[in-house]
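Dear colleague,

Please find below the structure I promised to pass on, with its sequence. My notes on what was found in it follow directly after.

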Amino acid sequence: MQALGPCFVKLCQWIATRRDMVPPHVCDRLAHLHDQGTPHSWKYTHAALTKAFSDYQAKGLEVHDVIGCGSAAQVYRAKLVTPGSREMDNQQKGDGTAGKEDNDLWVAVKVLHPKLDYLVERDMWLMDTVAKLVHSIPFEAIRMANLPRAASTFGNVLRRQVDLNVEASNLVEFRRNFYSSPREEKTSMVLFPRPVDGWVSREVLVEELIEDAKPIAEFLRDESEEGRVVRKELGSVLLRAFLKMVFLDNFVHADLHPGNCLVVTKQLPSRSLLERFWTKVLSLDLTANETKAETTRRKIVFLDAGIASSLSPNDQRNLLDLFRAVILNQGYDAGRLMVERARYERCSQVPGGVDAFSRGIENIVSEFHDNRKKEGLSLGAVRIGSLLGRVLDLCRVHGVEIDPAMSSVVISTLVLEGLGRSLDPNLNLIDFSIPFVLGRGRV
């Protein structure tokens, strides 16, 4: 698959998250593409760094080993040495003492693969050609799939990865949405790396390195009782973060496969600072219980933010109404509102068109609402990505215009849904969605 090109690798990365649709052994094999792709040479990396930052080594960037390689880029562990610490280091070496690194910053250096923009366009031309050929077959089921449109949507998503300036800008936006202060960043259950000012270009991105982070895929393989508890915890954080992006921020990370999600685990004291202060003042001997007094806290790190999407105000309201309709089983009303808000629609020009579209939305919503009664709306029982896809198809058939960004949201939902189901298929979608649909959800 890697020989076919970056677009095919990205497609396989997303397929690997859908263990409910693809055999597990195939998913395990494709999962290697999340962060273990074929790396490009150091010679190319050096040339890209020099092109972006001229004499990067003299400016303090010391590049070390490769720590990951995906469809669009590979990532190095590196150290950004401040001029002051370098001068001190040279002084101390003259004295025969060890250098200090207190002011140095460990960073991740992301470098795009060679000729990425050309390879993306080549892959998309091939996919588009095949899609048009299949679409030309005079068979209604094939025509309804509209493969050329799907290929175009996929291509628009992938083209955002060929400029790392876009990813840096997206990271800044995500950090602004999730952290209103340094304190909130410190206590947040979700982390986004910070791009380093002055070290961003089209082909290279330098960002802070999140230390001691493990791929979330390691937790997916733990089938022990404790492992299932941890997966449930991670799944709830992942789902709440995604719902916040969709309903509160209207800025969605559209590439949340396991290779782009890391987990940081820290041991924190369960007693408050005040309690620990009085313990010390009163000289209480609680050392025997100190270990038990610690609590484990896990945070999810989101990487590779180059693919992100936002909806128009109208379509964001439509999405909110659709989720409310699933909760309250009011699909017909949601359908009429979608027609009324559309910038363009031809439903009203056809006798009974508005009613037919609204009935179609009602049928889709009723089906999901019935599943809620039978099995509950857990990630294991329903497919929200499928619901959104069917709504888009209905809009296309009845001529109700939808923002093209909605297709990106559908893709990101499908990928997120697969990862969430792998973590904990019993997470109840309704329980998590209601606070965010009402505008009061928190991660």
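The side chains of Lys 110 and Glu 167 are joined by a polar contact of 2.8 Å. Please bear in mind that this is a predicted model.

Lys 110 belongs to strand β3, which spans residues 105–112. Its side chain also forms a salt bridge with that of Asp 304, with an N to O distance of 2.8 Å. This second pair connects distant parts of the chain: Lys 110 is in strand β3, while Asp 304 sits in the loop between β10 (294–302) and β11 (308–309), 194 residues apart. Lys 110, Glu 167 and Asp 304 are thus members of one network of salt bridges.

Is Lys 110 buried or exposed? Its relative accessible area is 11%, and because buried means under 20%, Lys 110 counts as buried. Asp 304 is buried as well. Beyond its neighbours within four places in sequence, Lys 110 is in contact with several residues, including Ala 73, Gln 74, Val 75, Leu 164, Val 204 and Leu 205. The C-alpha atoms of Lys 110 and Val 200 are 9.7 Å apart, although these positions lie 90 residues apart along the chain.

Strand β3 is part of an open sheet of five strands, ordered β1-β2-β3-β6-β5, with antiparallel pairing. Since β1 (61–69) and β5 (195–200) each have a single partner strand, they stand at the edges, and one side of each is left without a neighbour in the sheet. From one strand to the next, the twist averages 30 degrees. At the β5 edge, two bridges join β5 to β6 (residues 204–208), the two strands running antiparallel. Pro 195 has Glu 207 as its bridge partner in β6.

The count of salt bridges comes to 19, and two others deserve a mention.

- Asp 424 pairs with Lys 232, their closest N and O atoms being 3.4 Å apart. This salt bridge also links distant parts of the chain, 192 residues apart: Asp 424 is in the loop between α17 (405–423) and α18 (429–437), and Lys 232 is in helix α11 (residues 225–249). Asp 424 is buried at 8% relative accessibility, whereas Lys 232, at 43%, is partly exposed.
- Arg 359 and Asp 355 form a salt bridge through their side chains at 3.6 Å, N to O. The two are four residues apart in helix α15 (residues 353–374), so about one helical turn separates them. Arg 359 is partly exposed at 40% relative accessibility, as is Asp 355 at 33%.

With kind regards

Note on methods
Residues are numbered from 1 along each chain as its sequence is written. This is a predicted model: local features need pLDDT of at least 70, side-chain atom pairs count only at pLDDT 80 or more; totals for chains, interfaces and linings use all residues. Side-chain values use heavy atoms; hydrogens and water are left out. Two strands pair if DSSP finds at least two bridges between them. Axes are lines fitted to C-alpha atoms, for helices over the stretch in contact, and angles run from 0 to 180 degrees between N-to-C directions. Buried means under 20% relative accessible area, exposed over 50%, partly exposed in between (1.4 Å probe, protein chains only). Contact means heavy atoms within 4.5 Å. A polar contact is a pair of N or O atoms within 3.5 Å; within protein, one must be able to donate a hydrogen and the other to accept it, and residues adjacent in sequence count only if both atoms are side-chain atoms. A salt bridge is a side-chain nitrogen of Lys or Arg within 4 Å of a carboxyl oxygen of Asp or Glu.
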